[in-house]
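Reader: I am new to reading protein structures. Could you take one part of this one and walk me through it closely?

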Amino acid sequence: MQRLAFALGALLIAAPAFAGPDCSGREARMPMWQIAKAFEDAGGQIREMRVSDGCYEIYGTKDAQRLEIYYDPTTGDELEREVG
């Protein structure tokens, strides 16, 4: 039982590490299509786009790598990139 409690506790502590950035409260000034166009112009292929915690998020591939990229909706700056 203690092992289970320890494992659950470790999982709860590690859970925020798997979350992307939080852009809540930021007003979107840059249209999502501009972020998508810049990604595609740089050679990327978009599989899916969405808004996650206020951030623009692209799931796609570039140079044979699967990517998950978060962008600031106010500036269009890349906030975080996950490769895999």
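Author: Here is a close look at helix α2 and the parts around it.

First, the ground rules. This is a predicted model, in which local features need pLDDT of at least 70 and side-chain atom pairs count only at pLDDT 80 or more, while totals for chains, interfaces and linings use all residues. Residues are numbered from 1 along each chain as its sequence is written, and side-chain values use heavy atoms, with hydrogens and water left out.

Now the setting. The chain has two helices and four strands. Their order along the sequence is α-α-β-β-β-β. Helices here are DSSP runs of H or I with at least four residues, strands are runs of E with at least two, and both are numbered from the N terminus. Of the 84 residues, 26% are buried. Buried means under 20% relative accessible area, exposed means over 50%, and partly exposed lies in between (1.4 Å probe, protein chains only).

Turn to α2 itself. I35, A36 and F39 are its buried residues. Seen down the helix axis, these buried residues fall within an arc of 100 degrees, so they line one face of α2. That arc is taken from the directions that run from the helix axis to the C-beta atoms. Why can residues that are not adjacent share a face? An α-helix has 3.6 residues a turn, so residues three or four places apart point the same way. On the other side of α2, W33 and D41 are exposed. After the helix comes G43, with a positive phi near 100 degrees.

What does the buried face meet? The buried residues of α2 pack against β1 (45-52), β2 and β3. Take I35. Leaving out residues up to four places away in sequence, I35 touches M30, Y56, I58, Y71 and G76. Contact means heavy atoms within 4.5 Å.

I35 also belongs to the largest nonpolar core. Seven residues form this core: I35, F39, Y56, I58, L67, I69 and Y71. A nonpolar core is a set of buried Ala, Val, Leu, Ile, Met, Phe, Trp, Tyr and Cys residues joined through side-chain atoms within 4.5 Å. Three elements each give two or more residues to it: α2 (32-41), β2 (55-62) and β3 (65-71). β3 gives the most, with three. In soluble globular proteins, nonpolar side chains tend to be buried together.

Next, the loop before α2. C23 lies in the loop between α1 (2-18) and α2. A disulfide joins C23 to C55, with 1.9 Å from S to S. The cut-off for a disulfide is a pair of cysteine sulfur atoms within 2.5 Å, and the count by this rule is one. C55 is in strand β2, so the pair ties together parts that are 32 residues apart in sequence. The torsion about the S-S bond is about 85 degrees, so this disulfide is right-handed. Both C23 and C55 are buried.

One more loop, the one between β3 and β4, holds T74. T74 counts as buried because its relative accessibility is 17%. Beyond its neighbours within four places in sequence, T74 is in contact with R26, E27, R29 and M30. M30 is also among the residues that I35 touches.

In short, α2 has a buried face with I35, A36 and F39, and that face packs against β1, β2 and β3.
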